[in-house]
Structure formats: structure tokens, C-alpha cells
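Have a look at the chain below, and then let us walk through a few of its features together.

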Amino acid sequence: MKCVKCKGDAVINIRRANAAFCKEHFNEYFTEQTLKAIKHFRMFRKTDKIMVCVSGGKDSLVLWHVLHKLGCDVTGMYIDLGINGYSDRSKDKVNSFAERFGLKTIIVDLREKGHPIPFVARKAKREDCAVCGTIKRYYFNKTAYDGGFDVVATGHNLDDEASRLLANIMHWDDEYMNNTYPVLPAGGKMLKKKVKPLVRLTERETAAFAILNGIDYVMEECPMSKGATSLVFKDALSTIEENMPGSEIFFYTKFLERVKDIDRSKTDSDEMKICQTCGMESFMDKCTFCRLVEKVK
């Protein structure tokens, strides 16, 4: 198997692109695909202050790495979910990565704040992933607002977004389908713009980039994600892609073309309320996060 660019020995074959690459040209391809998404969806300017949400996994660490290499002003933001063992190992990967490349990091420890995910999910009698999503979204935005960041970037890849789209179509959830987009604009005075620069790259490709570039990441899945329905849709798309290479990105990008003109802007600041408990903007007098925490207490 030879690299399509230099005819040297290839290290990866990307069937959907009908191409194989050596390490150098795969890195080039990976960076080009990231830049293409950033430019096409107008995610941010190079001068913007970017907060990358990092978990210790391959996707978020690779995103942090690529944006740093592109010269962007990036800071990693890690949330310690309070999952015994797993959270400690994940945090170690984030800290080691930041130290290796001299990057800035913000750590939010839910155990110190009194609401680790397993405890909250058990007390609130809600699904682990639902609780985790609510709490993470709150701290992502609050940390970005408090830190004066312009943009919040996450490491969601093509597999993540295509499987999420398939799940929403299966349930005909119009609201969620309309928000299945690589950019969600800022809103009010406190809600930050959210972007997903890796949406043109698969999980396999991000894993390959991490391994080839010596990025050490947590390989285990979150122990609280077992049984998550999202994994079923990922497996379904993986089977289709294996038999028909290119189907996944065609499915996702064609959908984006059809919904690109939908207005996803949040309500204006004068329509937003201020949470009576935490002081962040909310659609209600008390935000979802604070109501969840109060229920637990």
C-alpha cells in the first residue's frame, strides 16, 4: 500500500477518500480537513480566544493539538466528573499533555464542588448520561464566560455527529435535528459560540492521528456510558460504511446542506432571565443546572 502523494509506504488507508497516506501526508490531510470545516462553517478567527473542552480521550486531545499547531490561542478545559479511577486517569492524561506542549489548562473538579456525576445521578434518579450532559454544558459555558473566551470547541467527530443525526431522524425530533450543526451561535450576553472542527474526520482517523503523533490518551470508554443508545446508532452506521465507503459523510453533509439556512440564534439578552441561584443567563428564573443540584440537596 503506497501513499497517494509521495508513493512511499502508507500507514493508513482511507477507503471513503479512496486514498492511502504516509505519516507526513496523513497529518497534512488531517489538518486540511480540520481547516476546511473551520473555514466552511466560519467557526472562528485565528485571533479568537478558544476554550477546548478536553476529556483525556483521543478526539479532544487531538483537536487541542491541531489548533495549537495552527497557532490558535487555545486553553484546555477539563471537568473531573468524580468517577472513581476513570476520572483520575483521564485528568492525568490531560495534565501530561498540557505539560508536554506547554499549554494552558483549566480544571473543574465536581467532587470539590459537591456534585460528582455518579452521586447526582443516583440521588436525582436520572440516567447517568443525561445528568452528565446537563452539568458539563453548564460548566463549559460558565467557565468560558468567566474566562472571557470567544468560542467553545469540542472534539465531536464525524461518527459522533452522523450517529446523533440518525438517532434524531429515527425519533423525528425536529428541534434536535435543527441543532445538529457544527456551529451553534452565541446568544444573550453569556451564552458562548460552540463549534466542532473535527466533523469531517472519523473516530478511526483521529485515533490514527493520535497514535502516529505520540498523543497519549485514555483508551477506555467512560464506565457510565455502557448501554447508551448512541452506541447502537454508531454500530449501525459503521456497518453501512464498511459495506459502502463514503456513505456516512454523504449522509451527514447532505443533511447540513438542507438545514444550513435555519436560524439557530439564541434569544436576545432582553428575552433571557438571570438565574436566581448562580447568576448565569437562563430561559427560566432558575437554570436547569441549579434546579438539578437543588433536587439532589
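Two strands pair if DSSP finds at least two bridges between them. Helices (H or I, at least four residues) and strands (E, at least two) are DSSP runs, numbered from the N terminus. This is a predicted model, where local features need pLDDT of at least 70 and side-chain atom pairs count only at 80 or more, while totals for chains, interfaces and linings use all residues. Residues are numbered from 1 along each chain as its sequence is written, and side-chain values use heavy atoms, leaving out hydrogens and water.

Start with strand β4 (residues 73–80), which runs parallel to strand β5 (residues 104–109) and is joined to β5 by six bridges. In this pair, Tyr78 faces Ile107 of β5. Together with helix α3 (residues 86–101), the strands β4 and β5 form a right-handed β-α-β unit. Right-handed means that, with the strands pointing away from the viewer, the path from the first strand over the helix to the second runs clockwise.

Now for the domains, whose bounds come from an automatic or database domain assignment.

| Domain | Residues | Residues in contact with the other domain (heavy atoms within 4.5 Å) |
|---|---|---|
| Domain 1 | 1–40 | 13 residues |
| Domain 2 | 41–203 + 227–295 | 20 residues |

How far apart do the C-alpha centres of domain 1 and domain 2 lie? These centres are 27 Å apart.
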